[in-house]
Amino acid sequence: MISKKMEALGKKPSAIRAIFEYSNKRKSEIGADKVFDFSLGNPNIPAPKKVNDTIINLINNTESTTLHGYTSAVGDLKTRTVISNNIKNRFGFNVEPNNIYMTCGAAASLEITLKALCNPGDEVIILAPFFPEYRVFVENADAIPKEVLCREGDLQIDLDAVKNAINNKTKAIIINSPNNPSGVVFKEEALAELSGILDGFSSNSGEPIYLICDEPYREIVYGDINVPYIPNIYDNTIVCYSYSKSLSLPGERIGYIMVSPKATDSSDVYAAVCGAGRASGYVCAPSLLQYVVAECDGLNPDIEKYKANRDLLYNSLCEIGYESVSPDGAFYLFTKSLEPDAAAFCEKAKKYELLLVPSDSFGIKGYVRIAYCVSYEQIKNSIPAFKALFDEYNK
Ligand code: PLP
């Protein structure tokens, strides 16, 4: 008999992917410009020019067997040296190349980290709203996802709720800021308080509680918003970084894990990361992309385009009468559904060719996620549809 668990996972597409498939079907029926697809977090801003120039340069000037050969399992040393130097320079945090493990993006980073940390029956706190794949990754590590709702209204961390959720089975908490799907950036004071709570529990139990920072949106923030570097706040931290959004390279699958050198038994944790990568069959991250990262780590996306999209969408929806969470980062607007059942609301939205993602799979009810990493034109053209949808509920 095959694995029933895996069969079930394969047969149940994610809610977001299901909408994406519907979108393709609808576009072929009525034309792409008539469908307002806000479902996927696929960056619409091209990768910085330097990325393509670097790829061309590498192809023209590097020995093919090196360029396309295996790197060491943990990743190319020069690439890891560049990343660790940049972390020192950007965040004032001292880290060495042997704290960095190159991966195929944040998804792989999370999967490897959870497998490295968890024993069967351990609990991992995930803060709702959360990236739906967290449940899958935690369960794949034989651990139990423990969902904790963020604070009503501003969707900042509910520290009391986190405190109540912690027990002696708690192995880790995943923090994703800027957040998908809410666009919220967690405040430094709250993270400092969280650090105190985790330290308190760890010193009582003698076992560390790890903080896993899932950071694909670190560079995508608007205005003067500060995204604290959590390893500076809490020692038992593991950063899961990805270039999917910062360099607009989601299909290239490149990112890294940084195990804080200040973590308890840091070198053992790093060894467990190497072991989990090995057990998962990650031989090494894509070599060409590792060499690209060595030249392009630290480049920022063209934030002004996302900001223009955010301003147009947020302001237009506010004017119509929708209520949204203040969007400080990432490229998602999290808007209150106009009826308690967000899935039913999204079905109604389809009548106006608006494709939105109901919040249920993010672990919270009553919202929709609107991914605004689309063209400015699409947002502009969709506003009358949002207005008609609103009017249907407010006749
Ligand atoms: N974590 C969050 C919060 C995400 O939004 C995503 C992708 O959208 C990922 C992880 C996975 O990113 P990657 O493409 O780097 O695997």
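How many nonpolar, polar and charged residues does the lining of the largest cavity have? I began my notes with this question, and I record that the model I consulted is predicted.

**Entry 1: the largest cavity**

I found seven nonpolar, one polar and five charged residues in the lining of the largest cavity. I noted a space of about 80 Å³ for this cavity. Of the 13 residues in its lining, I listed those closest to the centre as Ile87, Arg90, Phe91, Tyr256 and Asp297. I then looked up which elements contribute. Helix H5 (77-91) and strand E7 (237-242) each supply at least two residues of this lining. The largest share, five residues, comes from H5.

**Entry 2: the other cavities**

I counted four cavities of 30 Å³ or more. For the second largest cavity I entered a volume of about 50 Å³. Its lining includes Ile175, Asn176 and Ser177, and also Cys213, Asp214 and Glu215. Leu191, Val227, Pro228 and Ile230 line this cavity as well. Strand E5 (170-176) and strand E6 (210-214) each give at least two residues to the lining of the second largest cavity. By class, I recorded six nonpolar, two polar and two charged residues there.

**Entry 3: the largest pocket**

I next turned to the largest pocket, which holds about 1,200 Å³ of space. Among the 39 residues that line it, those closest to the centre are Ser14, Ile16, Phe131, Pro132 and Glu133. Two or more lining residues come from each of helix H1 (4-11), helix H2 (15-30), helix H6 and helix H7 (133-140). H7 has the largest share of this lining, with six residues. I sorted the lining of the largest pocket into 19 nonpolar, 10 polar and 10 charged residues.

**Entry 4: the ligand**

Which pocket does the ligand take up? I found that the ligand occupies the space of the largest pocket. I noted 14 residues around the ligand, the closest being Asn180, Asp214, Tyr217, Ser242 and Arg253. Asp214 I had already entered among the residues that line the second largest cavity. The shell around the ligand comprises six nonpolar, five polar and three charged residues. Helix H6 (residues 105-117) gives the most to this shell, with three residues.

I then looked up polar atoms beside the oxygen atoms of the ligand. A backbone N or O atom of Ala106 lies 2.7 Å from a ligand oxygen. For Ala107, a polar backbone atom is 2.9 Å from an oxygen atom of the ligand. Tyr217 brings a polar side-chain atom to 2.6 Å from an oxygen atom of the ligand. Taken alone, the ligand exposes 390 Å², of which the protein buries 91%.

**Entry 5: backbone geometry**

Which residues does a cis peptide bond with omega of about 5° join? I identified Ala128 and Pro129 as the pair. Pro129 lies in the loop between strand E3 (123-128) and H7. I entered a cis peptide bond from Ser177 to Pro178 too, with omega near -5°. Pro178 is placed in the loop between E5 and helix H9 (188-205). Ser177 itself appeared in my list for the lining of the second largest cavity.

Lastly, I checked phi of Asp265 and found a value near 50°, which is positive in a residue other than glycine. I located Asp265 in the loop between strand E8 (255-259) and helix H10 (266-279).

Definitions and conventions: Residues numbered from 1 in each chain as written. Predicted model: local features only at pLDDT ≥ 70, side-chain atom pairs only at ≥ 80, totals over all residues. Heavy atoms only, no water. Near = heavy atom within 4 Å. Polar contact = N/O pair within 3.5 Å; in protein donor to acceptor, adjacent residues only side chain to side chain. Areas by Shrake-Rupley, 256 points an atom, 1.4 Å probe, with all protein chains shown as cover. 1 Å grid on protein atoms, 1.4 Å probe; cavity = no way out; pocket = protein on both sides within 12 Å on 5 of 7 lines; lining within 4 Å. Sits in = over half its atoms within 2 Å of the grid points. Helix = DSSP H or I, 4+ residues; strand = E, 2+ residues; numbered from the N terminus. Nonpolar A, V, L, I, M, F, W, Y, C, P; charged D, E, K, R; others polar. Points joined across faces, edges and corners; volume = space filled by probe spheres on them.
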